[in-house]
Amino acid sequence: MWLFETTSVIMAITLTLPGFCECNWEVTFNNTTPCALRGSSVVFGCSYVYPSDQTITNTFWKFKSQNEDKNFFEAQQYGGRVEYLGNREHNCTLRINNLISSDANSYLFRFKTVNNGGKPDAWNSKTWVTLTLTGLTAVVKPATVREGEKVTLMCATTCTLSDHTTIVWFRDGHSVPNTEFLASIEDSGRYQCTVQGQDNLTSTPVSLDVQYAPKNVTLSVSPSGDVVKGISVTLTCSCSANPTVLSYILYKESGQPLTTLTPAQSHTIHNIHPGDSGGYYCDARNSINTVRSNVTTLNVQYPPEDISVTVSPSGPVVEGSFVNLTCSSHANPAVSYSWYRVNGSTPVQSGTQLLFEAVSPANSGRYYCEAWNKHGVLNSSLLFLDVLYAPRNTLVSVSPSGPVLERSSVNLTCSSHANPAVENYTWFKKDGADTSQTGSGEILRLTSLISSDSGQYFCEARNREGAHNSTVVPLTIQGANHATNTVQMLVYIGSAPTAFMVIITLVFLWMWKSPFKLCQKTAVDKKDDQNPVLSSRRTSNDPATQETRTEEQEHALYANVQLPPSHTHHQDSSMYSVVQPPPPQNPPDPHYATFDFQQFHSSIDRAQFSRPHGEDDVIYSMVKARQANVADNLQYASIQFPLPSPTARPEESLEADHSVIYSTVAKPEA
């Protein structure tokens, strides 16, 4: 446009100068070889002159090959893209918009006139305007660079543009401020240059390839979250690199190569176990360099296993000592511990250790610990806590209980609580201030007791932890008089017939088993000889008399029972019983025993009863072996019940003492 305006001014000045030849005909172009971008616009600056007597009748722009006088842009294919900017005086400027390839051609200008006389004339330019079309070409030098190298951007055309245009650059749609820079990873991409303000005038994109060693090398784990024993885990190595990575190598943190991952870039560990825990990394290598990834830690989790309980000190522990039970297991994550005692439903204590500051026997028992984490629960085996202690609660028991008679037997038993069990028992007797050892063992057996055995007894229980004494147990040996009084009391308390039957039965059983006979006549026997009723039933104890007895008398059993004088009929108060056993074949040696129960001296009944003169409260017992030529198997027993006091019965009753009960039993030969 500026060229066109300049040309018009020059022509106007020229025409007004003195001596200008009005008869000149001429067409002048500002640029006969314009260059324009396809899609852009181009202006053909043009001016013309003619003689002053001529009048312009028509103007034309036409192709070089066009013959007819007709504007080329009147053709339909130009569709309004052409604008005539001139006039019919001296300006012939033309503008073509949205240039296409077919617009590259040669153009000329022609005009027609008529003079004052009406004679027509025509004139056209002697030169042609040749239009060249071009496009923008983006150039990146060099097209392939390594990170940090210099890059230059150039926007090229095949010809020099006629118009002064401003070129701008874009990378992947983003503006590039500089046409020279040091390449970085971010500079890789597709570049285009374009005319500022005309986005339709854009070059074909070209690529800039910035190469670099592997970057952001990362080792990832799948699945994410907790890695639990038994599952499958995939390790994947990834990075960015240009050129592409040639190989990935997976390592465990120990430094030994685990596997080469190329081309899959991943490695799967099936049925993972705690031994797979640890750090992993990978190396990524391309043609530029080898780069190592970060370390990824695999933490294989699992429920408690290999649980155990230890005790310190080991083995049995002594009462009062410090005891520490410790629970341990393998687990991930760390476990919590609870302590239980067998048959207990609630925890005794929580924590790794169960402590007893001063253990006691009550703490003995079976213990176990429970270990648990979020993956499971496991109980330990049972541990027996054995608390040792010295004997305690030592006691003595007497068997049989009750009064202890002379010549009887008694067992003293010592019992005690101890751990370990009592190793030995020792028996002691206290007699006043003196203490003597009387025996050892859990049971002290005292037989054929005599009065000197009376005293205070105690036992000592001992194990390896110590000893303990029982309390003192008194043992009193009762004499024969005391026994007689006891029997008489029982007889008086019960009814006479019942007492008689009990006593006779006991005597009979005892004499049946005993291979002895009564061989001595007591004072009672002599007294009984005066009784006419019994005299006929008694057999003399004299050996000569025994030899003259008949065979029937030797095998007879006699029993005479006389009730006390309170009975209504004195004459009928005696009861007799004769038992004839089968004849023996081998008569055993005779044995004799005589018992005389006298009146007992109860302090309660002493006012009511009196003792006959000349009689003592004694028991006589004699055992005499049978002479070889004597075959006597008779056994005699005499039992005398105490009589009422003389004041309670007539004088004559004292002479005939019918309250005495006699029993004679002949034991059959075995």
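## Surface and overall make-up

The accessible surface of the chain comes to about 36,200 Å², and carbon and sulfur atoms supply 52% of that area. Keep in mind as you browse that this is a predicted model. Of the 670 residues in the chain, 40% are buried.

In secondary structure, the chain holds eight helices alongside 51 strands. Among contacts with a separation of 6 or more, 66% are between residues 24 or more positions apart.

## A buried lysine in strand E5

Let's start the local tour with a lysine. Lys62 belongs to strand E5, which covers residues 55–63. Is Lys62 buried or exposed? Its relative accessibility is 6%, and because the cut-off for buried is under 20%, Lys62 counts as buried.

What does the side chain of Lys62 reach? It comes to 3.2 Å from the backbone oxygen of Glu68. Beyond its neighbours within four places in sequence, Lys62 is in contact with a stretch that includes Asn67, Glu68, Asp69 and Lys70. Its other contacts include Phe72, Ser106, Tyr107, Leu108 and Trp128.

## Aromatic rings and charges

The count of aromatic pairs comes to 22. One of them joins Phe72 and Tyr78 in an edge-to-face arrangement, with 5.2 Å from centre to centre and 75 degrees between the planes. Both Phe72 and Tyr78 are buried, and Phe72 is also among the residues in contact with Lys62.

There are also charged side chains placed over rings. Lys126 lies over the face of Trp123, at 4.2 Å from the ring centre. Arg292 sits over the face of Tyr251, and here the distance from the ring centre is 5.9 Å.

## Strand E18 and its partners

Strand E18 spans residues 189–195 and is mostly covered, with five of its seven residues buried. Which strands pair with E18? Strand E15 (residues 167–171) is one partner, joined to E18 by five bridges in an antiparallel run. Strand E20 (residues 206–222) also pairs with E18 in the antiparallel sense, over three bridges.

Tyr191 is a handy residue to select in your viewer. Tyr191 is the bridge partner of Arg171, and Tyr191 also stands opposite Val206 in E20.

Strand E19 (residues 198–202) pairs with E18 as well, antiparallel and over two bridges. In this pairing, Val195 has Gln198 in E19 as its bridge partner. E18 and E19 form a hairpin with two residues between them, and Gly197 in the turn has a positive phi of about 85 degrees.

## An open sheet of four strands

Further along the chain, four strands make an open sheet in the order E30-E38-E40-E43, with mixed pairing. Why is one side of E30 and of E43 left without a neighbour in the sheet? Strand E30 (317–318) and strand E43 (443–446) stand at the edges and each has a single partner strand, so one side of each stays unpaired within the sheet.

For E30, two bridges lead to strand E38 (residues 387–399), and the two strands run parallel. Within this pairing, Val318 stands opposite Leu388 in E38. As general background, strands of a sheet pair through backbone hydrogen bonds, either parallel or antiparallel.

Conventions. Residues are numbered from 1 along each chain as its sequence is written. This is a predicted model: local features need pLDDT of at least 70, side-chain atom pairs count only at pLDDT 80 or more; totals for chains, interfaces and linings use all residues. Side-chain values use heavy atoms; hydrogens and water are left out. Buried means under 20% relative accessible area, exposed over 50%, partly exposed in between (1.4 Å probe, protein chains only). Contact means heavy atoms within 4.5 Å. Accessible areas come from the Shrake-Rupley method with a 1.4 Å probe; for residues, only the protein chains shown count as cover. A polar contact is a pair of N or O atoms within 3.5 Å; within protein, one must be able to donate a hydrogen and the other to accept it, and residues adjacent in sequence count only if both atoms are side-chain atoms. Rings of Phe, Tyr and Trp (its six-membered ring) pair if their centres lie within 6.5 Å; planes under 30 degrees apart count as stacked, over 60 as edge-to-face and the rest as tilted. A charge sits over a ring if NZ of Lys or CZ of Arg is within 6 Å of the ring centre and within 35 degrees of the ring normal. Two strands pair if DSSP finds at least two bridges between them.
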